[in-house]
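Biologist: I am new to this structure and would love a close look at a single part of it. Could you pick one spot, walk me through it, and then show me how it sits in the whole?

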Amino acid sequence: GKIKEAESLYQRAFDGCEATLGSTHADTLRLASDLGVLLREQGRLSEAEPLLRRAFDGHKATLGPMHARTLASTREFGKLIQGQGKIK
């Protein structure tokens, strides 16, 4: 249904940005996060993890740890870790 359509659109946009803008471009990282959140919300945590980690690491490296986009990526990655039960 609509979730599959949204996933397909996010994936197409992510692949296109990565190919044309590079893996560390802000748009590519944002789409990695968006796609990761969509997957996480479907319970597809193992698929979401590399995308959300990539957005988190990429934003931290390119924008710094206190930038608003980095903090948003930190929150989304934290939600994933919580969902995986990796909080000790």
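Modeller: Happily! Let us start at R69, which, setting aside its neighbours within four places in sequence, is in contact with R30, S33, H59 and L63. Please keep in mind that this is a predicted model.

R69 is part of helix α4. Is R69 buried or exposed? Its relative accessible area is 19%, and buried means under 20%, so R69 counts as buried. One of its contacts, H59, is 10 residues away along the chain, and the C-alpha atoms of R69 and H59 are separated by 6.8 Å.

From here we can look at the two helices around this spot. Helix α3 covers residues 45-63, while helix α4 covers residues 68-84. Which rings pair up in this structure? A search of the whole structure turns up one aromatic pair. The rings of F56 and F77 have centres 5.4 Å apart and planes at 15°. Planes under 30 degrees apart count as stacked, so the F56 and F77 pair is a stacked one. Because F56 belongs to helix α3 and F77 to helix α4, the pair ties together parts that are 21 residues apart in sequence. Both of these phenylalanines are buried.

Staying in helix α3, we come to G58. G58 is buried too, with a relative accessible area of 13%. What lies across from G58 at a C-alpha separation of 8.5 Å? The answer is A26, which is 32 residues away from G58 along the chain. A26 has its place in helix α2, made up of residues 26-41. With a relative accessibility of 44%, A26 counts as partly exposed, whereas G58 is buried. The contacts of R69 also reach this helix: R30 and S33 are in contact with R69, and helix α2 runs over residues 26-41.

Now let us step back to the whole protein. How many helices and strands does the protein have? There are four helices and zero strands, and from the N terminus on the order is α-α-α-α. The radius of gyration is 13 Å, close to the 12 Å given by the globule rule for 88 residues, so the protein is as compact as a globular protein of that length. Along the principal axes, the C-alpha atoms fill a box of roughly 35 × 30 × 15 Å.

The contacts and the surface complete the picture. Taking contacts between residues at least 6 apart in sequence, 53% join residues at least 24 apart. Buried residues, R69 and G58 among them, make up 36% of the 88 residues. The accessible surface comes to about 5,200 Å², and 57% of it belongs to carbon and sulfur atoms. As for charge, the protein carries 14 positive and 11 negative side chains, with the centres of the two sets 5 Å apart.

To return to where we began, R69 sits in helix α4 and is in contact with residues including H59 and L63, both within the 45-63 stretch of helix α3.

Conventions
Residues numbered from 1 in each chain as written. Predicted model: local features only at pLDDT ≥ 70, side-chain atom pairs only at ≥ 80, totals over all residues. Heavy atoms only, no water. Helix = DSSP H or I, 4+ residues; strand = E, 2+ residues; numbered from the N terminus. Rg over C-alpha atoms; globule rule 2.2 N^0.38 Å. Buried < 20%, exposed > 50% of the residue type's maximum accessible area, 1.4 Å probe, protein only. Contact = heavy atoms within 4.5 Å. Areas by Shrake-Rupley, 256 points an atom, 1.4 Å probe, with all protein chains shown as cover. Lys, Arg positive; Asp, Glu negative; His and termini not counted. Charge placed at Lys NZ, Arg CZ, Asp CG, Glu CD. Phe/Tyr/Trp six-rings, centres within 6.5 Å; stacked < 30°, edge-to-face > 60°.
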